[in-house]
Structure formats: C-alpha cells, structure tokens
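Open the model in your viewer and keep the selection tool at hand. The stops below each give something to select and then say what is found there.

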Amino acid sequence: MDLSGHNSFRMKVSCRNFLEYDCAADLEKLDFGAMEGGVKHIGGGSNLLFTADFPGTILHSAIRFIEQKDDSLVSVGAGVVFDELCEWAAEHGLWGPENLSHIPGEVGAAAVQNIGAYGVEAKDIIKTVHCFDMRSRRFTDFDVADCRYGYRESIFKSEEYRNRYIVTAVDFVFRRDGAPVLGYGNIRDAVLRISENPGPAEVRRAIIATRRAKLPEVSETGSAGSFFKNPVVSPQFFSELSARTEGTVPHYEVKAADGRDMVKIPAAWLIERCGWKGVVLGGAGVCKTQPLVLINASGDASPEEIVELENRIRQSVLENFGIELSPEVEHIPR
C-alpha cells in the first residue's frame, strides 16, 4: 500500500499491509507473529522519515474520543489529532496544552515522543498512558513517572520497549485555574499583543501565529517538523565553546535526568551558523525561516536525498562546533 499520505514528509514509499483499527479490543484479535516482514505502529506520520519501503504491516489507530472525566481529568483516544485536543481544551477554558498548539501529529505519538514547545512538554500534562503490550497480549497502564520522560524521550523509545507497546489512550490533567506559561523566547510579547489578561484561547492563538510565521505548513510543504534535537552539553563544554566562538552562543540552563546542571543549545543556531539555512540539495532542503526543519523542497524528494542532507548537516556541525546532532525524527526502517 502507498504510504505517501501517511507521512508528512510525503516520501513515496509503500508497505506490504496497512491496518487501521478503531477499538483497542481489536488489537487482541491480531496475530502479530504471523505478520510477515514485521510490524510498525505509526501515528500521523509527522515525526518520522521512511527511508525505504516497509516490508511488513503498518498499524494505525483510529481510536478518536475526548472524554472529560472530572474538572481536570480528560481521557483521549490515541488517534485524536493533538491540535484538535488543544483546540478542545481552549474552547472549554482548560489550561495545559495551549503552548503545544499546532504541533502536527496524534495523541498516542505525542505521549511516546514527549512533544514540547515554548516551555511546555507533554509530560507536564500527562497522568496515565494506556497501552497494549504486543508481547504479553495484555493491556497495561503507565503512570507519568513510569514513562521516564526526558527531552524528546520516554520509556517507549528505549531499546527494551520500542515497538512493543501500542498507546491506545492517554489521560491528561488540565486546569481551570491555571496561568499562561510565557517565559520562553518572545511568547510573552506575542500573547500580550492579543490580550493583557489572556486565557487558554488567547495563548493558543499567539502560539499558532508564532509557529506559522517561522515553520512551513506540512499541508503545503513536506517535512517532519523539527528534524534534530537541541543538543545538551555540560557547563564546562559550553564554557569552552563560548570562548572559541565569535559572538554570544544562545543557550538555556536545564537539568539532566540525574539532576546535573546542563546547557541546551539551539540546534537551529548551530545549523544556521554553518551556512545551511535555506540551502537546497536536489529535492531536499533546509527551511528558509527555521533551519531546524528539513523539507521536501521539490515535492518529490527521495528518502536518500533527505538522508544525504541530514548527514552533511551533522558532519558540518560536528566539524565546526564539536557537537554531534541527533535526529528527533525516527527513521523507518533503520
């Protein structure tokens, strides 16, 4: 089956079989071991790069519901488009996901990826992730602490758990008495231009406007959003880098999972300093307004062209700054 409509990079690849289900119980009926060529579960295809045809079965969730359990607890099906959840919360006056507005993808993938933007991550609003274990063929729940969330990381991306658990639903904790998170970049100014006393809807509007101003719409230009993770380095390395780099190196102080003080450097800044912003090689390119985003510039770029551009950017940043960029985008197959 053609997968070009199931990945936001619009790679023209295919798979042996494509199965979509709309009920978690349907997963118990599937014989995963009999699926020749392997099994891969995907969401909206917005954070992955198909590097070749997939030889097996692609699974996709069509479990789509939003159910408010009480004043703060909201249960959501894994197949719900995440931005639709953000819109729903804003319309109901609930604080929590507004800073994550307009991020492409679905709820299940958001819980796996720990999506984040403008000072908020999915882990900040997740309570429980409901899953189906393909190995034991049982349903199981992960509290947010069990998910071992980190920067664009979770237990579901680890070697042990990857391709084992299928997210069926996620419980979120939203708030009616919340306050806007405005400490990231120029978001405060963008929000206050809309309202001096903003609610979730006003923050959402500002976030969407900000993202649209610098990020290509995946409906118009194929991409997978932010392609690389922002590298996190030690304070000592950052000090040495600053000493040998002309100008100020933008950075954010962060805590590592083990509590150590670390420094996050914007990958976009590193890529731009290496001269890649707006560069097009073959059918692949680097976004003119946000160099963290690689794009299907021609509309029919091949996976090989995207990977070649990725590798050249990584090598360039390594040679110039001694930093090895890691892709945020999952490569399939790998």
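Select C23 and C131 and show their side chains. The sulfur of C131 is the closest cysteine sulfur to that of C23, but at 16 Å it is too far away for a bond. C23 itself is partly exposed, because its relative accessible area is 34%, and the classes are buried for under 20% relative accessible area, exposed for over 50%, and partly exposed in between, with a 1.4 Å probe and protein chains only.

Before going on, note that this is a predicted model, in which local features need pLDDT of at least 70, side-chain atom pairs count only at pLDDT 80 or more, and totals for chains, interfaces and linings use all residues. Residues are numbered from 1 along each chain as its sequence is written, and side-chain values use heavy atoms, with hydrogens and water left out.

**The other cysteine pair**

Now select C287 and C274. The sulfur of C274 is the closest cysteine sulfur to that of C287, and the 17 Å between them is too far for a bond. C287 counts as buried, at 6% relative accessibility. How many disulfides does a search of the whole structure find? The search finds zero, where a disulfide is a pair of cysteine sulfur atoms within 2.5 Å.

**The five-strand sheet**

Select the strands β5, β6, β11, β9 and β10. In that order they form an open sheet with antiparallel pairing. Strands (E, at least two residues) and helices (H or I, at least four) are DSSP runs numbered from the N terminus, and two strands pair if DSSP finds at least two bridges between them. β5 and β10 (138-143) are the edge strands, each pairing on one side only. From one strand to the next the twist averages 20°; axes here are lines fitted to C-alpha atoms, for helices over the stretch in contact, and angles run from 0 to 180 degrees between N-to-C directions.

Helix α1 packs on this sheet and touches β5, β6 and β11. The direction of α1 makes about 35° with that of β5.

Next, narrow the selection to β6, residues 73-77. Is this strand enclosed or open to the outside? Five of its five residues are buried, so β6 is largely enclosed by the rest of the structure. L73, S75 and G77 lie on one side and V74 and V76 on the other, and both faces are covered.

Add the partners of β6:

- β5 (residues 66-68) runs antiparallel to β6 and is joined to it by three bridges. The two form a hairpin with four residues between them, and I66 has V76 as its bridge partner.
- β11 (residues 165-173) also runs antiparallel to β6, with five bridges between them. Here V74 is paired with F172.

Then move across to β9, which seven bridges join to β11 in antiparallel fashion. V129 stands opposite V170 in β11.

**The nonpolar cores**

Select F82, L100, V129, F156, F172 and F174. These have the most contacts inside the largest nonpolar core, which has 43 residues. A nonpolar core is a set of buried Ala, Val, Leu, Ile, Met, Phe, Trp, Tyr and Cys residues joined through side-chain atoms within 4.5 Å. Elements that each supply at least two residues of this core include β6, α2 (107-113), β9 (126-133) and α4 (200-214). α1 gives the largest share, five residues.

Centre on L100. Leaving aside neighbours within four places in sequence, L100 is in contact (heavy atoms within 4.5 Å) with residues including F82, C86, I115, V120 and I125. Another core, of 42 residues, lies apart from the one just shown; L3, F18, F50 and I265 are among its members.

**The three-strand sheet**

Select β1, β4 and β2. They form an open sheet in the order β1-β4-β2, with parallel pairing. β1 (15-21) and β2 (39-42) are at the edges with a single partner strand each, so one side of each has no neighbour in the sheet. Neighbouring strands are turned by 25° against each other on average, direction ignored. Six bridges join β1 to β4 (residues 54-61), and L19 has L59 as its bridge partner in β4.

**Last stop: S46**

Select S46, in the loop between β2 and β3 (48-50). At 11% relative accessibility, S46 counts as buried. Which residues is S46 in contact with, leaving aside its neighbours within four places in sequence? They are S8, P104, G105, A224 and G225. The side chain of S46 reaches the backbone oxygen of P104 at 3.2 Å. Finally, add S223: the C-alpha atoms of S46 and S223 are separated by 7.6 Å, though the two are 177 residues apart along the chain.

Key. A polar contact is a pair of N or O atoms within 3.5 Å; within protein, one must be able to donate a hydrogen and the other to accept it, and residues adjacent in sequence count only if both atoms are side-chain atoms.
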